[in-house]
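Hi,

Here is the structure we talked about. Have a look at it first, and then read my notes below.

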Amino acid sequence: MELTAIYHRTESEYAYLYKDKIMHIRIRTKKDDIESIHLHYGDPFIFLEDHYEVNKEMVKVTSDALFDYWQAEVSVGYARLQYLFELKDKQGQSIFYGDKGCVENTLENLHYEGNGFKIPYIHEIDACHVPDWVAEMVWYQIFPERFANGNPDISPEGALAWDSSIKPKTSDFFGGDLQGIIDHLDYLQDLGITGLYLCPIFESPSNHKYNTTDYFEIDHHFGDKETFRKLVEEAHQRGMKIMLDAVFNHIGDQSLQWQDVLKHGGKSEYKDWFHVQEFPVTKDKLGNPRKLPYHTFAFASYMPKLNTANPQVRDYLLKVATYWIEEFDIDAWRLDVANEVDHQFWRDFRKAVLAKKPDLYILGEVWHTSQPWLNGDEFHAVMNYPLSDSIKDYFLRGTKKSPQFIDEINSQSMYYRQQISEVMFNLLDSHDTERILATAKGDAQLVKSALAYLFLQRGTPCFYYGTELGLGGGPDPDCRRVMPWERVSDSNDMLNFMKKLIQLRKEVSGIIQHGTYSLKEIKPDVLALEWDYDGQKVQAIFNQSSENYLVDRDSVVLASHCQELGLQLAILPKGFVIQ
């Protein structure tokens with residue numbers, strides 16, 4: 001038995017309150033090492049008189065390249081819990097594992113109180129609570145400057161022609177605005193979208209608006225507050241939620257606050273709003289991005305970093321966050337560069353916004369594993385880039401083989417508490433990446449497979465505007481081309497595919513969010529994914545091999561790149577079926 005591989009941590013993603021007094025207890029062991037694990041548990045005060053009340057066999061829920069992961073659901077009557085693991089390996093060796101590590105399997109050790117892990121009192125207020133509505137969503141990300149021009153009168157001077165073949169440059173404008181989004185809400189509703197994630201819309205001189213000038217104003221090239229109010233109201237009438245982008249890590253260099261620092265230097269009332277290393281901040285010091293006299297986002301001199309530990313900055317930004325909830329009833333905040341802002345600020349942020357709207361969704365932009373932000377006191381979820389990378393490497397780039405892909409997906413399924421996983425923001429591309437059609441080198445069939453796999457994952461799926469119309473584009477700024485509205489038609493293959501996929505996702509969402517899954521390689525480079533929730537099943541087979549794969553036709557609900565052969569269906573290479 002490989003003792004060094006055994007791992008558990010109480011009050012973490014390994015032991016947490018899921019819902020309705022149900023605790024999830026997990027443990028990790030070396031892959032293929034352990035035959036069975038039993039969880040001895042009960043109330044710590046009953047233990048003092050009668051030892052553990054329950055002995056429950058744990059289920060091996062998944063495995064990755066190195067480890068097996070086991071889980072048990074535990075109902076807690078008195079809101080207190082003491083527990084001990086009993087592990088038996090394939091050679092018959094058996095040990096207990098608890099608060100004092102690995103100990104011999106004896107009755108004395110089982111009955112010794114000090115060996116048990118303890119959760120002294122399970123407080124509902126300490127649990128990770130997520131908004132109920134998020135798990136059912138299908139999101140659509142809009143880069144407002146490129147989605148639609150609904151009011152040419154407010155377009156920036158020199159706006160270019162609305163032509164998706166134009167590769168935009170960093171400083172180009174095309175005239176997209178909020179009215180353009182309102183004008184196409186029926187299109188989005190028909191597509192099946194239930195949530196809109198908008199890149200920043202506040203006053204800013206750039207096309208991307210990530211360098212904010214004034215957080216309390218809508219950018220005048222996008223419209224005004226009344227236009228935005230109308231957008232929220234019209235979206236809500238169609239059952240759609242609105243998520244705005246909060247850029248609180250940094251501000252734009254045209255902002256009143258930064259301009260005051262440039263003008264008054266160390267005497268500015270805003271000097272402590274930033275991370276200025278040396279006064280005065282003069283233009284001659286801006287030549288070398290790596291030697292700027294102040295901290296910025298990346299090395300972008302036009303995005304000075306805010307000092308969110310400063311109470312004045314904190315209060316100002318929390319006023320911004322609550323203003324758009326109170327005045328316009330937005331449903332969610334996406335937090336830009338969230339991992340570079342201090343944890344204390346996000347704790348204060350969560351309290352402030354949830355006091356105004358208890359079911360608001362808080363989504364952090366973090367590109368890596370994110371346990372420190374997902375413990376119930378900061379974000380509800382993060383943008384799931386690790387999942388994006390795995391799917392793109394396997395389906396689009398072809399750089400990973402099936403076993404490695406399966407290991408990565410299985411490992412990721414254990415990163416977080418289940419309620420967090422249910423609201424993770426699952427995406428494949430965005431304004432910050434090349435478009436998936438470019439990643440797939442123009443192969444729309446591979447894109448369909450990747451999207452289908454994404455839509456069959458626990459979490460809440462999002463796709464980037466234009467994906468449904470086959471819009472391509474390389475890395476930023478080429479991934480920000482204008483929406484090709486001329487491609488919308490009843491015969492657009494990708495558009496019809498996305499409508500079917502979205503509808504299917506809505507029908508099986510409950511099975512995916514609450515069920516158990518398995519992911520297996522059933523033939524070389526043929527993947528089988530199955531979700532099972534109380535006997536209700538969703539199955540999918542993805543053929544990434546170079547040969548056809550045969551399945552029965554009768555139960556297929558969505559097929560792509562397949563041929564009918566009598567009562568069977570041949571899944572062609574790069575094709576898939578969902579049953």
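Which residue in β12 does Trp139 stand opposite? The partner is Gly195. Keep in mind that this is a predicted model, so treat everything below as computed from that prediction.

That pair belongs to two neighbouring strands: β11 (residues 139-142) and β12 (residues 195-198) run parallel and are joined by four bridges. Both are part of an open sheet of eight strands with parallel pairing, in the order β18-β17-β16-β15-β12-β11-β20-β19. If you want to find the edges, look for β18 (381-382) and β19 (425-426), each of which pairs on one side only.

Now the helix over that sheet. α14 lies across β19 and β20 (460-464), and its direction makes an angle of about 150° with β20. Helix α14 (residues 444-455) also has a helix partner: its axis and that of α10 (residues 385-396) come within 10 Å and cross at roughly 145°. The crossing of α10 past α14 is right-handed. On the α10 side, the contact is made by Leu387, Ile391, Phe395 and Leu396; α14 brings Leu446, Val447, Ser449, Ala450, Tyr453 and Leu454. Sorted by class, the residues of this contact are nine nonpolar and one polar, with no charged ones.

Val447 turns up again in the next item, as one of the residues lining the largest cavity. The structure holds one cavity of 30 Å³ or more, and the volume of the largest is about 50 Å³. Besides Val447, its lining consists of Asp429, Arg435, Ile436, Leu437, Thr467, Gly470, Leu471 and Met494. By class that makes five nonpolar, two polar and two charged residues.

A few backbone spots to click on as well:

- Phe279 and Pro280 are joined by a cis peptide bond, with omega about -10°. Pro280 sits in the loop between α7 (256-264) and α8 (311-328).
- Another cis bond runs from Asp476 to Pro477, with omega near 15°. You'll find Pro477 in the loop between β20 and α15 (493-514).
- Ala79 has a positive phi, near 65°, and is not a glycine. Its loop is the one between β6 (67-75) and β7 (81-89).

That's the tour. Shout if anything is unclear.

Cheers

Conventions
Residues are numbered from 1 along each chain as its sequence is written. This is a predicted model: local features need pLDDT of at least 70, side-chain atom pairs count only at pLDDT 80 or more; totals for chains, interfaces and linings use all residues. Side-chain values use heavy atoms; hydrogens and water are left out. Axes are lines fitted to C-alpha atoms, for helices over the stretch in contact, and angles run from 0 to 180 degrees between N-to-C directions. A crossing is left-handed if the near helix is turned anticlockwise from the far one by less than a right angle, and right-handed if clockwise. Contact means heavy atoms within 4.5 Å. Ala, Val, Leu, Ile, Met, Phe, Trp, Tyr, Cys and Pro count as nonpolar, Asp, Glu, Lys and Arg as charged, and the others, Gly among them, as polar. On a 1 Å grid over the protein atoms alone, a cavity is a set of points where a 1.4 Å probe fits but cannot get out, and a pocket is an open set with protein on both sides within 12 Å along at least five of seven lines; lining residues have an atom within 4 Å of a point. Grid points are joined across faces, edges and corners, and a volume is the space filled by probe spheres set on the points. Two strands pair if DSSP finds at least two bridges between them.
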